[in-house]
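The following exercises concern the model displayed below. Each sets a task and then works through a solution step by step.

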Amino acid sequence: MGVVSTQGLTVQYPRVRALDALTVEIPEGITGVVGVNGAGKSTLIKVLLGLLRPTSGQVQVLGMDPTTHGPQIRELVGYMPEHDCLPADVSAAEFVMHMAMMSGLPRAAARERTSDVLRHVGLAEERHRPMGGYSTGMKQRAKLAQAIVHDPRLVLLDEPTNGLDPRARDDMLELIGTIGHSFGISVAVTSHLLGELERTADHVVVIDSGRLLRASATSDLTHSTGDVLVEVLGPSGSDQRIGQALLDRGLQAWPQGDKVAVRISDPAQLDVVRDTVVDLDLGLVRIQEIRHTLEEVFHQQGAPA
């Protein structure tokens, strides 16, 4: 059984159905919950935390029902909200320690854990500064720190890369990978960007208008295209020479930047590629398998990205 399981989960507001008979299981590891704004991602998180009672259906979080065991679930789950909710006049050290004690840690243990997690998220040197002066990236790191300070079994991250520049986004994704793969904490991370999740998530759940569109292991979605990318080392024009030579030997090949893409339908054709490079007296830098991206998969299937 996964860390989260829903059966026919429905949440009906007066004018909109936020979740519509959603049946899905989130396994251990890192799961990306993907959907456009308004797809129902934040509503799902509120239900999982026991903060919103569903209209109908069943839900289990770590084997417990949030409608009857909300406080017990929140002791074992960390939550990073999407919006800026940090007190501006409080330091990260004070805030994260307070949240640790709110989660039930004794003061001494809370202080030690606070120091550890702030170091892990890269705020060790800035931990005593008021958070009102933090950049967006630093605020996101502080929110992440408070979500994991009590060593939860599961952490729910709501759009953690929102508003971040490319470098800060990469840093956040790396932190999420560390939490899920090194710390052993299961992670459910929401996003409206498919591309950023394929580097981090083990599984992907796609929802739209409160309905499940797809739930799969990321590796099942980003399967091989059947093509390889060939990079050679040699004088100017070597990529054109190898491309033409492969065409002359009956392979399908086409330029891709300064490299050559080759369609491989039989493993023996890889030997043809290697031998052709040798015959032309070129250096073979790499033969790299080309895999589908998540965005390609869902665009092909007509799902929103």
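**Exercise 1. Core packing**

Leaving aside its neighbours within four places in sequence, which residues is isoleucine 176 in contact with?

Solution. The coordinates are those of a predicted model, in which local features need pLDDT of at least 70, side-chain atom pairs count only at pLDDT 80 or more, and totals for chains, interfaces and linings use all residues. Residues are numbered from 1 along each chain as its sequence is written, and side-chain values use heavy atoms, with hydrogens and water left out.

Step 1. Apply the contact criterion, heavy atoms within 4.5 Å. With neighbours within four places in sequence set aside, isoleucine 176 touches Ile30, Leu157, Pro160, Val187, Val189 and Thr200.

Step 2. Place isoleucine 176 in its core. A nonpolar core is a set of buried Ala, Val, Leu, Ile, Met, Phe, Trp, Tyr and Cys residues joined through side-chain atoms within 4.5 Å; buried means under 20% relative accessible area, exposed over 50%, and partly exposed in between (1.4 Å probe, protein chains only). The largest such core has 41 residues, and Ile176 is listed with Leu118, Leu144, Val155, Leu157 and Val187 as having the most contacts inside it.

Step 3. Look for a further core. A second, separate core of 27 residues includes Ala39, Leu62, Met64 and Val205. In soluble globular proteins, nonpolar side chains tend to be buried together.

**Exercise 2. Salt bridges**

Count the salt bridges and describe selected pairs.

Solution. Step 1. Use the criterion of a side-chain nitrogen of Lys or Arg within 4 Å of a carboxyl oxygen of Asp or Glu. The count comes to 13 salt bridges.

Step 2. Examine aspartate 20. Its salt bridge with arginine 17 has the closest N and O atoms 3.4 Å apart. Aspartate 20 is buried at 18% relative accessible area, whereas arginine 17 is partly exposed at 41%. Arg17 and Asp20 also belong, with Arg211, to a network of salt bridges.

Step 3. Examine a pair within one helix. Aspartate 116 and arginine 119 form a salt bridge at 3.4 Å, N to O. Helices (H or I, at least four residues) and strands (E, at least two) are DSSP runs, numbered from the N terminus. Because they stand three residues apart in helix α4 (residues 107-120), aspartate 116 and arginine 119 are separated by about one helical turn. Aspartate 116 is partly exposed at 22%, as is arginine 119 at 47%.

Step 4. Examine a pair between strands. Glutamate 231 and arginine 286 meet in a salt bridge of 2.8 Å, N to O. This pair links distant parts of the chain, 55 residues apart: glutamate 231 is in strand β10 (residues 224-233) and arginine 286 in strand β13 (residues 283-291). Arginine 286 is partly exposed, with 31% relative accessibility.

**Exercise 3. A loop residue**

Is serine 91 buried or exposed?

Solution. Step 1. Locate the residue: serine 91 is in the loop between β5 (77-80) and α3 (92-102).

Step 2. Its relative accessibility is 6%, so serine 91 counts as buried.

Step 3. List the contacts, leaving aside neighbours within four places in sequence: serine 91 is in contact with Arg127, His128, Arg129, Pro130 and Met131.

**Exercise 4. Domains**

How many Å separate the centres of domain 1 and domain 2?

Solution. Step 1. Take the bounds, which come from an automatic or database domain assignment: domain 1 covers 4-220 and domain 2 covers 224-297.

Step 2. Taken over C-alpha atoms, the two centres lie 42 Å apart.
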